[in-house]
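Trainee: I am new to this model. Please take me through a single part of it closely, and show me how the rest fits around that part.

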Amino acid sequence: MAGKRRSGRGRKRPIYRKIYIMADFEGIAGFLEWDDYDETSPKRHRLRTFLSNEVNAAATACFESGVEEVLVWDSHGPFGNCNNIYLELLHPDVQVIQGNKGLPSFYPMLDGGFDAGMYIGMHAMEGTPHAVVPHTKVVLNGHELGEGGMFLAMCSYLRVPVVFISGDAAAVDEVLALAPGIEHVKTKWAFGPYAARTRTPAKSRELIYDGVRKALSRRVKAPTWDIRPPYVFRVGDQEIRGDDLWDLYNNRVLSGVKWSDQSVEPQRSQVWALRKNRPVRYN
Ligand SMILES: [Zn+2]
C-alpha cells in the first residue's frame, strides 16, 4: 500500500520530526497481572505481541505524519536483559533501545533534540486503587508522580512536549491532571490490581494510531508542563534537591532511594474494590 506523501513540494515541513517513545508493559490492553519475566512463557509471548503492536501503531502514525526519526525505549523490566518489544513487528524505520537495563539513565538518549515525547503502556502510581498493578511513586515539587508523571516532568525539563500517552485509565488521568489536553488513549479500566475491563488489542492499536495522527496534525507545537527549579524530590522520608533534574533523578533519586515494596497484595485490595462496589467511571 502506497503511503501518502506528507512533506512534498508546497507543504510545510512537519513541526514534529524526531520523536521519543517511552514504552512500558503494564498499561497495554490485556495486561492484568505482574510480568513473570519468563522468556519461555506463552503468556508473556502473547503480551509482548500486544505491546509490540501498540508501539508499532504509534510509530507508524508518526512516520505517516511526516516524522523522520522515531526512537523507542523498551523500558520495562528489572536490571539485566529483559526485552519486551519484538523488533520484527515494527515499522522498518523505527529504532529501539533494548538490552541490558543497567544504562546510565532511566530515559536513555532522551535529550532536548527531540520534538516530542510519547508514552505507550503506562501504568498508574503506587497506591492507586482502581489500577492494574500500580507501582512507583515520587513526590516532586509537591506533585505525586508515577512513572508517567515523571516522564512528563523530565521531558518538560528538556523542553520536549509530551504529545501522546496511552495506558491504564488511572495512569492517563494522573498525567492529564498535571497537563490537561494531551492526546490520549485509555486501554483498560481496573477494578483492582488484577482485574479490569480491557479493550481488545486490536481496538487499542487502532485508537493509538488515530490519537497519534491527531496529536501530530496540530500546526502549533504543544506546550510543556510548567515545572521549574529548584526541583525537590521527596521519597519516603528523604528529600533530594537541586536544579539539574536529569542528574537528580538519574544519579541521586534512582540510586539513592530505598523504594517501598512494589508488590500489591492481591486479594485484599481487589476484594476491597469489588465489595465496596465503588463506581468506576468508564470514559
Ligand atoms: Zn513496567
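**A close look at helix H3 and its surroundings**

Mentor: Start with what lies over helix H3. The cover of its buried residues includes strand S4 (116–122), helix H2 (147–157), strand S7 (162–168) and strand S8 (183–192). H3 itself spans residues 169–178. Its buried residues are Ala169, Ala170, Ala171, Val172, Glu174 and Val175. Keep in mind that this is a predicted model.

Now step back for the setting. The protein chain has six helices and 11 strands. It holds 283 residues, and 43% of them count as buried. Contacts with a separation of 6 or more can be sorted by distance along the chain: residues 24 or more positions apart account for 68% of them.

Three of the elements that cover H3 are strands: S4, S7 and S8. They belong to an open sheet of seven strands, in the order S3-S2-S1-S4-S7-S8-S9, with mixed pairing. Its edge strands are S3 (95–97) and S9 (195–198), and each pairs on one side only. From one strand to the next, the twist averages 20°.

Look at S7 and S8 within that sheet. They pair in the parallel sense, over five bridges. One residue to find is Ser166, whose bridge partner in S8 is Val185.

Helices pack on this sheet too. H2 touches strand S1 (18–23), S4 and S7, and its direction makes about 170° with that of S4. Helix H4 (residues 201–216) touches S4, S7 and S8. The direction of H4 makes about 145° with that of S8.

H2 also leads to another sheet. This helix lies across S5 and S6, running at about 115° to S6. Those strands sit in an open sheet of four, ordered S6-S5-S10-S11, with antiparallel pairing. The edges are S6 (143–145) and S11, each of which pairs on one side only. Neighbouring strands here are turned by 25° against each other on average, direction ignored.

Walk across that sheet from S6. Three bridges pair S5 and S6 in the antiparallel sense. Val138 stands opposite Leu145 in S6. Next, S5 (residues 138–140) is joined to S10 (residues 231–235) by two bridges, and these strands run antiparallel. Val139 has Arg234 as its bridge partner in S10. Arg234 also has a bridge partner in S11, namely Glu239. S10 and S11 (residues 238–242) run antiparallel and are joined by five bridges. The two form a hairpin with two residues between them. Gly236 in the turn has a positive phi of about 60°. Val235 stands opposite Gln238 in S11.

Back to S4, one of the strands that cover H3. Find Met118 there. Leaving out residues up to four places away in sequence, Met118 touches Ile19, Ile21, Ala58, Val163, Phe164, Ile165 and Val212. Met118 is also among the residues with the most contacts inside the largest nonpolar core, together with Ile19, Ile21, Ala58, Val72, Met154 and Val212. That core has 77 residues. Helix H1 (residues 42–63) gives the largest share, nine residues.

Two helices remain to be placed together: H1 and H4. They pack at an angle of about 25°, with their axes 8 Å apart. Angles under 35 degrees count as roughly parallel, and H1 and H4 are therefore roughly parallel to each other. The crossing in which H1 passes H4 is right-handed. On the H1 side, the residues that meet H4 are Phe50, Asn53, Glu54, Ala57, Ala58, Thr60, Ala61 and Cys62. On the H4 side they meet Pro201, Ser204, Arg205, Ile208, Tyr209, Val212, Arg213 and Leu216. The spacing within such a helix follows a general rule: an α-helix has 3.6 residues a turn, so residues three or four places apart point the same way.

Finish where you began. The buried residues of H3 are covered by elements including H2, S4, S7 and S8. H2 packs on the seven-stranded sheet and lies across S5 and S6.

Methods. Residues numbered from 1 in each chain as written. Predicted model: local features only at pLDDT ≥ 70, side-chain atom pairs only at ≥ 80, totals over all residues. Buried ≥ 20, exposed ≤ 12 C-beta atoms within 10 Å, placed from the backbone. Contact = placed C-beta atoms within 7 Å. Pairing = 2+ DSSP bridges. Axes fitted to C-alpha atoms, helices over the stretch in contact; angles between N-to-C directions. Core = buried A, V, L, I, M, F, W, Y, C linked by C-beta atoms within 7 Å. Parallel < 35°, antiparallel > 145°, perpendicular 65-115°, else oblique. Left-handed = near helix turned anticlockwise from the far one by under 90°.
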